[in-house]
Each structure stands twice: as C-alpha cells, then as structure tokens.
Amino acid sequence: MSETILEVKNLCKYFGTSRGTLHAVDGISFTLEKGKTLGVVGESGCGKSTLGRTILNLLSSTSGEVYFEGQQINNRKFSKSHDLRQKMQLIFQDPYASLNPRMTVHDTIIEPLLINKICRSREEAEARTEELMDLVGLSQRLSNSYPHELDGGRRQRLGIARALALNPRFIVCDEPVSALDVSIQAQILNLLMDLQKEMGLTYIFITHNLSVVKHISDNIMVMYLGKMVEMAPSERLFENPCHPYTKALLSAIPVPSLEYRNSHIEIIKGEVTSPINPKPGCRFAARCPMANEGCTAREWDPCLVEPDHWVACQLYANHTQTKKEE
C-alpha cells in the first residue's frame with residue numbers, strides 16, 4: 001500500500017487589500033503519495049504558486065492544515081523547523097531571478113551543504129558539489145561560471161542541483177519549464193522524472209501547460225480563482241473531463257495533426273470574477289455556458305463522480321445525490 005507523504009486539509013490563504021480580502025487559495029484539500037507527482041494547472045492568477053508556497057510555509061496559511069509525513073507543519077512548532085527545511089524544497093519559475101548573480105555555479109551548490117553541515121569536511125562538500133553537477137547534467141568546466149554566463153536550461157539545472165543539495169523528499173516545482181524553449185523543456189522534464197525514479201522524490205508540479213502536466217503527472221488538480229474545480233488521475237482527466245472549465249482548457253491544447261483541424265474549441269467567454277470578497281457560489285459561473293441559478297446559490301464542494309475523480313460542480317453534485325438516493 002502506498003505511503004501518504006503530504007496531506008492538505010481545507011487550506012486557505014487570504015491577502016488583505018485596500019478593496020477587501022483577496023482569496024488566493026480557498027479551501028484546498030488533497031493527499032499526495034510518496035514518489036508520486038501531483039500536477040496543478042489553471043490560468044494565471046488562479047492561486048497555483050501561492051498554494052505551493054503556502055504548503056512549504058514560505059507564506060503563512062490563513063487557515064487549514066498541512067501534514068507532512070504525519071506531522072502538522074503549518075504551525076509555530078514546525079513552520080521554521082531546520083529539519084523540515086531540508087526535507088522540502090522549491091524549484092523556482094525564473095531560474096535567473098532565483099540565483100545570486102554574484103555567486104558562481106560552484107558556490108551556489110556548495111553553500112547549502114556548508115550552512116547545513118551536510119558534509120563532514122570541506123573536501124567532502126567539494127566532492128558532493130561535483131556529484132550534484134554531474135547528476136543534473138552540468139559540465140565541470142562551468143564550475144566558476146556566473147548565472148549571466150549560462151543559458152536558461154543550464155540555469156534551471158543549477159536551480160535543481162541547489163534544491164537537491166540537502167537530499168529533500170518533497171519538491172514543489174513552480175512552473176520550472178515555462179521560461180524555456182520547447183526542446184529544453186523536454187530535457188528538464190526528463191531530468192526531473194529520472195531524478196524522481198532514482199531518488200524516490202515526490203513532486204507538486206505547477207504549470208499552465210496541459211501538455212507538459214500530462215507528461216509528468218500521476219494526478220492532476222485543476223484550479224480556478226483559488227478553488228479546486230476538478231482532480232483526477234492524469235489519463236482519466238484527459239479521457240473524461242467533467243467540469244466545464246476543464247473541458248475548455250483541454251479543447252484549447254494544440255494538436256499537430258490535420259485530422260484535428262476542424263475540431264471544436266470551447267471558447268471561455270465573459271469576465272473573470274474578482275477574487276476579492278468573492279460572492280457565494282461557483283466562481284466559474286459567470287463564464288460557464290451551463291450555469292443556472294443553483295450555481296450561485298452556495299458553494300459546491302468537490303464530489304466523487306468515479307473512483308479518485310473529484311469534481312466541484314452543481315451538475316455532478318446533483319447526479320451523485322440521485323445515485324445515493326437510488
């Protein structure tokens with residue numbers, strides 16, 4: 001039986017603004033098994049990155065609970081735990097902005113080893129630095145290079161090496177390939193998958209690219225304005241999308257084949273609802289072609305429409321209720 005490494009219960013993160021309270025992450029719940037990858041997708045501003053940073057305690061949660069290896073970590077006792085910081089790491093979206101421009105490749109990798117006293121001696125730290133460079137595909141001749149002397153792919157490899165320096169068990173990958181060329185994206189994705197198999201890593205992979213998330217994820221969560229609207233195993237989500245927002249996202253994936261040139265694309269119309277002091281009801285209702293009065297009456301919690309397939313939609317909530325009554 002698979003071991004659960006991460007459990008998130010009704011996690012919320014709100015920000016105060018001059019216009020009111022912004023609901024960046026609002027009531028997210030899920031579990032993640034060890035060695036698996038959860039893909040998190042949605043359009044810009046839906047709360048993907050905020051979710052990842054809140055789970056890692058880089059942002060303090062407004063409410064809810066986060067359990068890592070059975071221990072609640074979003075409280076005062078564990079939020080700044082030195083041991084916890086070694087087990088959980090982050091790969092940033094912009095590899096250039098996340099690197100110190102005054103530190104070489106060698107210094108960037110060896111710094112966490114020395115600060116956290118991972119190695120018993122300087123010589124051991126030097127050897128571990130070379131090992132990490134080889135692991136992520138960085139040539140030793142780049143050891144004394146600075147970030148501005150590297151291309152995007154090598155910068156991201158450096159960011160990955162730095163994240164791996166402390167031997168973490170769980171990594172949040174915050175759109176790690178969105179700033180890279182397509183060919184380089186494939187290299188980084190394959191590297192992350194190889195590292196996962198070799199080291200038993202667990203990922204939350206945040207992206208807006210559905211083609212990418214299908215390639216790397218075991219399960220996929222679709223977010224819209226801070227809410228989870230659908231979550232299912234990767235293959236099942238692509239074969240049988242249920243939420244109208246998910247269907248629209250999947251229909252927009254470009255397919256390099258003449259057979260699909262006349263395929264229907266579901267265009268999402270209407271204005272995006274403000275996440276500041278949101279009104280009750282489904283936040284996608286204003287743009288949903290299937291919306292009715294019930295959609296705005298109250299919040300619709302995710303319901304199980306088939307094994308491991310959750311959908312937060314009134315249509316499926318009613319369907320599930322009917323099946324229970326029968």
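Let's start at the second largest pocket of this predicted model: the residues lining the second largest pocket split into nine nonpolar, five polar and three charged. Colour the lining by class and you can pick out those three groups.

**Stop 1: the middle of the second largest pocket**

How much space are you looking at here? The second largest pocket holds about 410 Å³. Its lining is made of 17 residues, so to speak the walls of the room, and the ones closest to the centre are Gln-89, Leu-90, Phe-92, Arg-162 and Leu-166. Select those five and centre your view on them.

**Stop 2: the elements around it**

Next, select α2 (82-87), β6 (88-91) and α3 (105-115), which each bring at least two residues to the lining of the second largest pocket. Which of them gives the largest share? That's α3, with four residues.

**Stop 3: over to the largest pocket**

Now move to the largest pocket, with about 680 Å³ of space. Select Ser-29, Phe-30, Met-228, Met-231 and Trp-310: of the 29 residues in the lining, these lie nearest the centre of the largest pocket.

**Stop 4: strands in the lining**

Show β2 (20-33), β9 (219-224) and β10 (227-233) as cartoons, since each supplies at least two residues of the lining of the largest pocket. Then highlight β2 on its own: with eight residues, β2 gives the most to this lining.

**Last stop: colour by class again**

What mix of classes does the lining of the largest pocket have? You should find 16 nonpolar residues, along with five polar and eight charged ones.

Definitions and conventions: Residues are numbered from 1 along each chain as its sequence is written. This is a predicted model: local features need pLDDT of at least 70, side-chain atom pairs count only at pLDDT 80 or more; totals for chains, interfaces and linings use all residues. Side-chain values use heavy atoms; hydrogens and water are left out. On a 1 Å grid over the protein atoms alone, a cavity is a set of points where a 1.4 Å probe fits but cannot get out, and a pocket is an open set with protein on both sides within 12 Å along at least five of seven lines; lining residues have an atom within 4 Å of a point. Grid points are joined across faces, edges and corners, and a volume is the space filled by probe spheres set on the points. Ala, Val, Leu, Ile, Met, Phe, Trp, Tyr, Cys and Pro count as nonpolar, Asp, Glu, Lys and Arg as charged, and the others, Gly among them, as polar.
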